[in-house]
Amino acid sequence: MFEVGVARTFHALHQLEAVDPDASHEHSHDYRAEVVARGERLDEDAMLVDLDLLGEALSECLAELDSADLGSLPAFAGRNTTVETVAEHIWTHVRDRLARASSLAGLRVTVYESADAWASVDRPVADRS
């Protein structure tokens with residue numbers, strides 16, 4: 001199995017909908033998002049996926065999130081803006097953007113909200129959930 005990846009940073013504001021009042025205050029994070037693509041075979045250029053394309057897909061998604069109040073974005077309407085839902089949003093965007101890369105078997109997106117707290121989504125690219 002081959003794996004390639006890219007990472008980018010972004011800053012965003014959010015407020016959790018939580019029972020615990022200490023967890024529900026508005027606050028921001030300097031996030032780091034990593035995307036890893038994996039597959040069994042390389043293309044005719046000996047690449048799993050062009051790293052520039054993978055980076056563009058991630059950067060395009062993060063342009064929407066950077067400096068935003070996540071709760072105000074349509075992508076999170078009716079959803080809690082946890083690090084898990086942020087990772088899932090990025091996963092879906094990158095998967096859709098790279099849909100033509102037939103050699104991809106799966107994608108893993110990891111979003112760090114701090115140096116020691118993170119969430120990952122790791123699914124086959126055929127997963128449309």
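**Figure 1. Arg 32 stands opposite Tyr 112 of strand β4.** This close-up comes from a predicted model, in which local features need pLDDT of at least 70 and side-chain atom pairs count only at pLDDT 80 or more, while totals for chains, interfaces and linings use all residues. Residues are numbered from 1 along each chain as its sequence is written, and side-chain values use heavy atoms, with hydrogens and water left out. Strand β2 covers residues 27-39 and strand β4 covers residues 106-114; the two run antiparallel and are joined by 7 bridges. A word on names: helices (H or I, at least four residues) and strands (E, at least two) are DSSP runs, numbered from the N terminus. Two strands are said to pair if DSSP finds at least two bridges between them.

**Figure 2. Strands β4 and β5 make a hairpin.** How many residues sit between β4 and β5 in this hairpin? There are 2 residues between them. Strand β5 (residues 117-124) runs antiparallel to β4, and 8 bridges join the pair. Two of the facing positions are worth finding in this view: Leu 107 stands opposite Arg 123 in β5, and Val 111 has Ala 119 of β5 as its bridge partner. As you follow the strands, keep one rule in mind. In a regular strand, side chains alternate between the two faces of the sheet.

**Figure 3. Five strands line up in an open sheet.** Across the sheet, the order of the 5 strands is β3-β1-β2-β4-β5, and the pairing is mixed. Which strands lie at the edges? They are β3 and β5, each of which pairs on one side only. Now compare this with the order along the chain: from the N terminus on, the elements run β-β-α-β-α-β-β. In total, the protein has 2 helices and 5 strands.

**Figure 4. Thr 9 of strand β1 has Arg 32 as a neighbour in space.** Thr 9 lies in β1, which covers residues 2-14. How far apart are Thr 9 and Arg 32? They are 23 residues apart in sequence, yet 4.3 Å apart in space, C-alpha to C-alpha. Leaving out residues up to four places away in sequence, Thr 9 touches Tyr 31, Arg 32 and Leu 62; a contact here means heavy atoms within 4.5 Å. Is Thr 9 buried or exposed? At 59% relative accessibility, Thr 9 counts as exposed. For such labels, buried means under 20% relative accessible area, exposed means over 50%, and partly exposed is in between, using a 1.4 Å probe and protein chains only.

**Figure 5. Met 1 sits in the segment before β1.** Met 1 is exposed, with 57% relative accessibility. Which residues does Met 1 touch, not counting those up to four places away in sequence? They are Arg 38, Gly 39 and Glu 40. Ser 114, by contrast, is 113 residues from Met 1 in sequence and 30 Å from it in space, C-alpha to C-alpha.

**Figure 6. Ala 46 has a positive phi although it is not a glycine.** The phi of Ala 46 is about 65°. Where is Ala 46 found? Look in the loop between β2 and α1 (51-65). Ala 46 is exposed, with a relative accessible area of 55%.

**Figure 7. Ser 67 also has a positive phi without being a glycine.** Here, too, phi is about 65°. Ser 67 is found in the loop between α1 and β3 (68-69). With a relative accessibility of 64%, Ser 67 counts as exposed.

**Figure 8. Stepping back, here is the setting of these close-ups.** Buried residues make up 40% of the 129 residues. Among contacts between residues at least 6 apart in sequence, 65% join residues at least 24 apart. The C-alpha trace spans about 55 × 25 × 25 Å along its principal axes. The protein has 11 positive and 25 negative charges, and the mean positions of these two sets are 8 Å apart. In this count Lys and Arg are positive and Asp and Glu negative, with His and the chain ends not counted; the place of a charge is NZ of Lys, CZ of Arg, CG of Asp or CD of Glu.
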